[in-house]
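Let's take a walk through a protein model together, one piece at a time. Have a look at the sequence and the 3D view before reading on.

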Amino acid sequence: MEWVISIVVMLSLVGSVMWIKPSPRERMQSQIRLHARALGFIVQIATIETPRAKGEMDVERKRLPAYRILRSDLSRDEKDQWNSWQAFRVENVANQGLPSQWSWKRGEGVLTSEQCQMLSAVIESLPESVFALESSPMHFTVYWRESGGPEVLDQIKAAIEPVLKAKF
């Protein structure tokens with residue numbers, strides 16, 4: 001009987017330790033988010049409302065990690081004249097100037113044709129796991145599903161650099 005109690009206590013202790021130990025997915029997220037901090041991103045979990053997809057009646061709300069880069073290089077005049085926009089990986093009729101399978105939630109028609117061409121090139125170079133992009137005078141945000149490792153985040157950072165430098 002003493003052995004049975006000892007075994008039950010040991011299994012209980014091992015179970016508690018295994019419950020506290022982070023899963024492989026949690027370890028990967030932690031590694032990606034630490035790398036994001038080193039690249040200058042601020043990571044937050046955000047709820048976003050997507051544009052309605054073709055054939056859908058309602059918009060969809062999603063909770064996704066938002067990788068934000070603060071815009072500290074803008075003058076007061078640039079901030080005052082800023083045109084904010086949001087683009088999503090959703091097929092919709094509001095897709096002027098964007099690649100197929102992408103559409104505007106906000107900001108359709110506010111960018112110049114050169115800016116739209118640059119944005120399209122950026123979008124084409126992003127991994128499939130990037131769901132949305134947002135630009136405001138405060139920050140540039142990439143909504144990403146965190147699939148892949150830190151090397152995918154490096155790819156995202158390199159892809160969005162032209163937009164950050166062009167300030168739109």
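What follows is a short tour that goes from strands to a helix, then to salt bridges and a surface patch.

Keep in mind that this is a predicted model. A good place to begin is strand β5, which covers residues 130–135. Six of its six residues are buried, so β5 is largely enclosed by the rest of the structure. Who are its neighbours? Strand β3 (residues 85–88) pairs with β5 in the antiparallel sense, over four bridges. If you want one spot to find on screen, try Phe88, whose bridge partner in β5 is Ala132. Strand β6 (residues 139–144) also pairs with β5 in the antiparallel sense, this time over five bridges. Here you can look for Leu133, which has Val142 in β6 as its bridge partner. To get from β5 to β6, the chain goes through a hairpin of three residues.

Now on to helix α4, residues 113–125. Its 13 residues reach 19 Å from the first C-alpha to the last, close to the 18 Å expected at 1.5 Å a residue. Which residues of α4 are buried? Cys116, Leu119, Ser120, Val122 and Ile123 are. Looking down the axis of α4, you'd see these buried residues fall within an arc of 160 degrees, so they line one face of the helix. On the other side of α4, Glu114, Gln117 and Glu124 are exposed. It helps to know that an α-helix has 3.6 residues a turn, so residues three or four places apart point the same way.

Next come the salt bridges, and the structure holds nine of them. One joins Glu146 and Arg33, with their closest N and O atoms 2.8 Å apart. Glu146 sits in the loop between β6 and α5, while Arg33 belongs to helix α2 (residues 24–39), so this pair ties together parts that are 113 residues apart in sequence. Is Glu146 buried or exposed? With a relative accessible area of 1%, Glu146 is buried, because buried means under 20%. Its partner Arg33 is partly exposed, at 26%.

A second salt bridge brings together the side chains of Glu49 and Arg61, at 3.0 Å from N to O. Glu49 is in strand β1 (residues 42–49) and Arg61 is in strand β2 (residues 61–70), 12 residues apart. Glu49 counts as partly exposed at 31% relative accessibility, whereas Arg61 is exposed at 61%.

For another example, look at Lys167 and Glu78, whose closest N and O atoms are 3.8 Å apart. Lys167 is in the segment after α5 and Glu78 is in helix α3 (residues 76–80), so to speak a link between distant parts of the chain, 89 residues apart. Lys167 counts as partly exposed at 29% relative accessibility, and Glu78 counts as partly exposed at 30%. Salt bridges can also share partners: that is how Glu49, Arg61 and Lys105 are joined into one network.

Let's finish on the surface. Which residues form a nonpolar patch there? They are Met1, Val4, Ile5, Val8, Val9, Met10 and Leu13, and together they have about 730 Å² of accessible area. Pick out Val9 as a landmark: its place is in helix α1 (residues 2–20), and Val9 is partly exposed, with a relative accessible area of 44%.

Terms used
Residues are numbered from 1 along each chain as its sequence is written. This is a predicted model: local features need pLDDT of at least 70, side-chain atom pairs count only at pLDDT 80 or more; totals for chains, interfaces and linings use all residues. Side-chain values use heavy atoms; hydrogens and water are left out. Buried means under 20% relative accessible area, exposed over 50%, partly exposed in between (1.4 Å probe, protein chains only). Helices (H or I, at least four residues) and strands (E, at least two) are DSSP runs, numbered from the N terminus. Two strands pair if DSSP finds at least two bridges between them. Patches are made of residues with over 30% relative accessible area and no salt bridge: like charges are joined within 9 Å, nonpolar side chains (Val, Leu, Ile, Met, Phe, Trp, Tyr) within 5 Å. Accessible areas come from the Shrake-Rupley method with a 1.4 Å probe; for residues, only the protein chains shown count as cover. A salt bridge is a side-chain nitrogen of Lys or Arg within 4 Å of a carboxyl oxygen of Asp or Glu. The expected span of a helix is 1.5 Å times one less than its number of residues. The arc is that of the directions from the helix axis to the C-beta atoms.
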